[in-house]
There are 2 protein chains.
Amino acid sequence: MGDAFDQAGLIDLAELPDAAQDFDAFLREIRDRFGVDHVAYAGMNPINRSVIGHVTYGKDWQEHYATQGFHRIDPTLHSARRSIAPVDWSRLERDLDYLTVFRSAHDFGISDQGVTIPVRGPYGDIGGLSLTCGGSKTEWKALCRENLHVWQALSVHVHDLVISSDSFSSLLRGPSMSMREREILQWTAEGKSQQDIADILTISHRTVEVHLRSARHKLYALTTAQAVGRAISMGLIYPG
Amino acid sequence: MGDAFDQAGLIDLAELPDAAQDFDAFLREIRDRFGVDHVAYAGMNPINRSVIGHVTYGKDWQEHYATQGFHRIDPTLHSARRSIAPVDWSRLERDLDYLTVFRSAHDFGISDQGVTIPVRGPYGDIGGLSLTCGGSKTEWKALCRENLHVWQALSVHVHDLVISSDSFSSLLRGPSMSMREREILQWTAEGKSQQDIADILTISHRTVEVHLRSARHKLYALTTAQAVGRAISMGLIYPG
DNA sequence: AACGCTATTGGGGAAATCCCGTATGGAATC
DNA sequence: GATTCCATACGGGATTTCCCCAATAGCGTT
């Protein structure tokens with residue numbers, strides 16, 4: 001699997017050996033290759049909000065992280081959510097959540113020096129590869145300067161691997177919206193009421209509502225507003 | 001601006017000189033740096049669905065491309081829409097659209113050897129950087145192998161620059177939402193009802209409705225669903 | 001002190017949405 | 001050919017949202 005690095009960024013991921021599905025081992029390999037302390041990947045399925053994580057952290061920190069529910073407040077995850085470029089942790093907002101997570105991490109011997117590289121897929125799926133390393137600030141800067149590009153490519157690569165794995169893709173490609181559903185969702189995003197859309201399509205407003213309901217279900221959305229938001233973020237429709 | 005390459009991938013884009021806003025010159029610099037024939041960026045602003053393009057192609061090809069409406073069928077754009085990893089043009093489907101565009105491009109001296117690197121932002125914004133280069137297949141493969149990860153970083157960088165200068169500028173001149181309005185709009189995007197939000201914030205559902213109304217007015221939205229969509233595409237809130 | 005702006009709360013009623021059904025035609029499956 | 005699944009279409013009735021109205025309190029500006 002050693003040449004996975006060289007293949008990272010290439011298109012035909014199918015050529016990768018099956019062993020590449022062992023994400024944990026892959027992350028460890030990245031860790032050793034670049035001499036960082038830890039490598040972590042977190043990806044989220046936007047439909048059911050499920051999070052997939054693979055890390056090289058110790059079991060103790062993993063458990064503490066989970067039991068404390070840090071994934072809800074982790075500033076690195078939040079930054080990845082709104083940024084497109086890599087985010088150096090030194091630029092994170094020093095808010096209460098930051099202190100909570102990083103002080104706790106420090107107790108487990110994890111540095112607050114690191115970087116998170118966000119990735120987004122075509123289905124609203126988001127992920128992020130994080131690398132952390134102690135040592136002097138100068139060394140860290142040099143390490144970034146040297147390898148950040150490669151890490152960016154690796155982040156894309158890992159995310160691609162994860163969402164290509166069955167557990168992810170089946171759900172993501174599941175929401176195959178029908179023509180009518182997308183059409184009506186689009187009009188809804190344009191600010192039209194159900195009756196408006198019914199008039200436009202010359203159908204009953206009852207029917208419009210049914211399609212909206214179906215769209216909500218497919219997007220696992222509780223309300224139409226949420227469905228519109230998700231559909232936009234997934235590129236299914238456009239903001240009106 | 002020469003060190004923009006070194007800065008590409010770093011976080012603080014504000015440090016870039018203003019000259020970096022000259023995208024065409026930036027693309028030319030990329031072209032010369034890597035010795036490729038042409039570099040092109042295409043991005044879409046989801047708010048108005050406008051397509052922003054910057055290329056190093058000649059005027060003649062640009063005009064032909066536009067007049068023929070090739071942006072509708074360009075296989076490189078379509079592949080970028082679906083893929084997350086860089087797409088080598090050699091892997092494009094050899095369909096009718098492919099032949100139409102690439103035969104035409106060939107007449108203008110543009111090779112069918114190239115790669116397109118898709119990028120996605122948090123607001124439904126998408127873009128892609130394309131590089132094309134003639135010569136032997138072996139040379140091209142070597143060039144990719146050597147520089148693909150740098151190109152990936154550059155693609156992110158260029159997209160970030162374009163979006164920042166385009167859609168965010170409208171956001172800055174846009175409505176000044178109050179804290180409460182953003183907060184309630186965010187909860188709405190998460191699928192909460194007005195009563196839910198009232199309970200969460202321990203205020204009256206009447207108040208929630210007032211803030212939503214205010215938000216709608218500020219966003220010139222007719223419905224809450226439209227307001228949520230607009231707010232997401234403008235980066236005011238995040239999809240729930 | 002007066003003014004403007006925002007956050008808050010509330011009523012009443014119209015309008016829209018949403019959940020519960022039913023039904024039909026087409027496509028895929030068995 | 002029967003069955004299953006889904007997109008499509010429609011209605012009744014309960015729930016929710018939305019729009020008109022008014023009112024109080026805080027906060028900064030003039």
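**Entry 1: the interface**

I began with the interface: chain A and chain B bury about 4,200 Å² between them, and carbon and sulfur atoms give 61% of that area. A reminder to myself that this is a predicted model. I then looked up who takes part, and found 45 residues from chain A and 52 residues from chain B in the contact.

How many salt bridges cross the interface of chain A and chain B? I got zero by the rule. For polar contacts between chain A and chain B, I noted three residue pairs, both partners at pLDDT 80 or more.

Next I asked which elements of chain A supply the side that touches chain B. Those with at least two residues each are α4 (75–82), β3 (87–88), β4 (114–120), α6, α8 (179–189) and α11 (224–233). The most comes from α6(A), which gives nine residues. Sorting that side of chain A by class, I wrote down 19 nonpolar, 13 polar and 13 charged residues.

**Entry 2: α2 and α6 in chain A**

I stayed with α6(A), residues 137–164, and looked at its packing with α2(A), residues 23–34. Their axes come within 12 Å and cross at roughly 175°. An angle over 145 degrees counts as roughly antiparallel, so that is how I logged α2(A) and α6(A).

Which residues meet here? From α2(A) I listed F23(A), F26(A), I30(A) and F34(A). Their partners in α6(A) include W151(A), L154(A), H157(A) and V158(A), along with N147(A). By class, this contact has eleven nonpolar and two polar residues, with no charged ones.

**Entry 3: α7 and α10 in chain B**

Over in chain B, I checked helix α7 (residues 179–189) against helix α10 (residues 224–233). The axes are 10 Å apart and the angle is about 105°, which makes α7(B) roughly perpendicular to α10(B).

On the α7(B) side I found L185(B), T188(B) and A189(B), meeting T224(B), A227(B), V228(B) and A231(B) of α10(B). The class tally for this contact is five nonpolar, two polar and no charged residues.

**Entry 4: salt bridges**

Back to charges. Over all chains I counted ten salt bridges in the structure, while the interface of chain A and chain B has zero.

I opened one of them: R213(A) pairs with E209(A), and the closest N and O atoms are 2.7 Å apart. Where do R213(A) and E209(A) lie? Both are in helix α10 of chain A (residues 205–218), four residues apart, which is about one turn of the helix.

Conventions. Residues numbered from 1 in each chain as written. Chains lettered and ligands numbered in written order. Predicted model: local features only at pLDDT ≥ 70, side-chain atom pairs only at ≥ 80, totals over all residues. Heavy atoms only, no water. Axes fitted to C-alpha atoms, helices over the stretch in contact; angles between N-to-C directions. Parallel < 35°, antiparallel > 145°, perpendicular 65-115°, else oblique. Contact = heavy atoms within 4.5 Å. Nonpolar A, V, L, I, M, F, W, Y, C, P; charged D, E, K, R; others polar. Buried area = accessible area lost by both parts, 1.4 Å probe. Salt bridge = Lys/Arg side-chain N within 4 Å of Asp/Glu carboxyl O. Polar contact = N/O pair within 3.5 Å; in protein donor to acceptor, adjacent residues only side chain to side chain.
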